[in-house]
Amino acid sequence: MTAVANLLVIAAVTVLVVQRQMRVQRLDTERRFWLLPLILGVLALRDPQIIDHQHTALSAALLAAGMVTVLAMGTVWGWTVRIWRAADGTVLLKGTKATLAAWGGMIAIRIGLYAIGSALGVHQAGSSLMLGMAVLLLVRSLVVNWRARTLEPAQTTAVLH
């Protein structure tokens, strides 16, 4: 995929995910929450430009730093989502203000990493952002699903604001 196409996919997924997160939705524990991250990950890893071969060590270090960042932010994001069990036993979830703050923080960190790479002359492919999005979505879903399984009947979890 071209860099522009990668950025468009990333932007579309981000808008879709954030928009959905801010509405109350039923958590379907049978859903294949790993499918979208898998697709994004495969698309990203198919790009031979994911590592700048003229600056292999720096490029790999920036990619690794980005992945560590999204692992941490995916975990934070999963804990900022309000999760509760409705009277009928359905698990519901909704993003909070802290969820938006987590997104803002993640975007700011990613911009910072991009700026560092640019200052060092490292070419950074959009596929690294796509891989980061895949990891972010997967980790967030794992945290939310784990939290949902630990809910007791009709228990409401604490909400972060």
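**Briefing: helices, rings and a pocket**

Trp77 and Trp103 are both buried. They belong to a predicted model of a chain with 161 residues, 42% of which count as buried. The chain has 5 helices and 3 strands. Its C-alpha atoms fill a box of roughly 60 × 25 × 25 Å along the principal axes.

**Overall layout**

- Read from the N terminus, the order of elements is α-β-α-α-β-β-α-α.
- Helix 1 covers residues 3–21, and strand 1 covers 25–26.
- Helix 2 spans 35–45, and helix 5 spans 126–149.
- Helix 3 takes in residues 56–80, and helix 4 residues 97–119.

**Aromatic rings**

- The model holds 2 aromatic pairs.
- One of these is formed by Trp77 and Trp103, with an edge-to-face arrangement. Their ring centres are 4.9 Å apart, and the planes meet at 70°. That angle makes the pair edge-to-face because planes over 60 degrees apart count as such.
- This pair links distant parts of the chain. Trp77 lies in helix 3 and Trp103 in helix 4, 26 residues apart.

**Charges over rings**

- Trp77 has a second partner: the charged end of Arg140 sits over its ring, 5.2 Å from the centre.
- Arg82 places its charged end over the ring of Trp84, at 4.0 Å from the ring centre.

**The second largest pocket**

- The second largest pocket has a volume of about 350 Å³.
- Its lining is made up of 18 residues. Closest to the pocket centre are Arg20, Gln21, Arg31, Arg140 and Ser141.
- Arg140 therefore has two roles in this picture: its charged end sits over the ring of Trp77, under the 6 Å cut-off for such a contact, and Arg140 is among the residues closest to the pocket centre.
- Helix 1, strand 1, helix 2 and helix 5 each give the lining at least two residues. Helix 1 supplies the largest share, 4 residues.
- By type, the lining residues divide into 9 nonpolar, 3 polar and 6 charged.

**The buried face of helix 2**

- Which residues of helix 2 are buried? They are Pro37, Leu40, Gly41 and Ala44.
- Viewed down the helix axis, the buried residues of helix 2 fall within an arc of 100°, so they line one face of the helix.
- The spacing behind such a face is general: an α-helix has 3.6 residues a turn, so residues three or four places apart point the same way.
- Helix 2 also supplies at least two residues of the lining of the second largest pocket.

Terms used. Residues are numbered from 1 along each chain as its sequence is written. This is a predicted model: local features need pLDDT of at least 70, side-chain atom pairs count only at pLDDT 80 or more; totals for chains, interfaces and linings use all residues. Side-chain values use heavy atoms; hydrogens and water are left out. Rings of Phe, Tyr and Trp (its six-membered ring) pair if their centres lie within 6.5 Å; planes under 30 degrees apart count as stacked, over 60 as edge-to-face and the rest as tilted. Buried means under 20% relative accessible area, exposed over 50%, partly exposed in between (1.4 Å probe, protein chains only). A charge sits over a ring if NZ of Lys or CZ of Arg is within 6 Å of the ring centre and within 35 degrees of the ring normal. On a 1 Å grid over the protein atoms alone, a cavity is a set of points where a 1.4 Å probe fits but cannot get out, and a pocket is an open set with protein on both sides within 12 Å along at least five of seven lines; lining residues have an atom within 4 Å of a point. Grid points are joined across faces, edges and corners, and a volume is the space filled by probe spheres set on the points. Ala, Val, Leu, Ile, Met, Phe, Trp, Tyr, Cys and Pro count as nonpolar, Asp, Glu, Lys and Arg as charged, and the others, Gly among them, as polar. The arc is that of the directions from the helix axis to the C-beta atoms.
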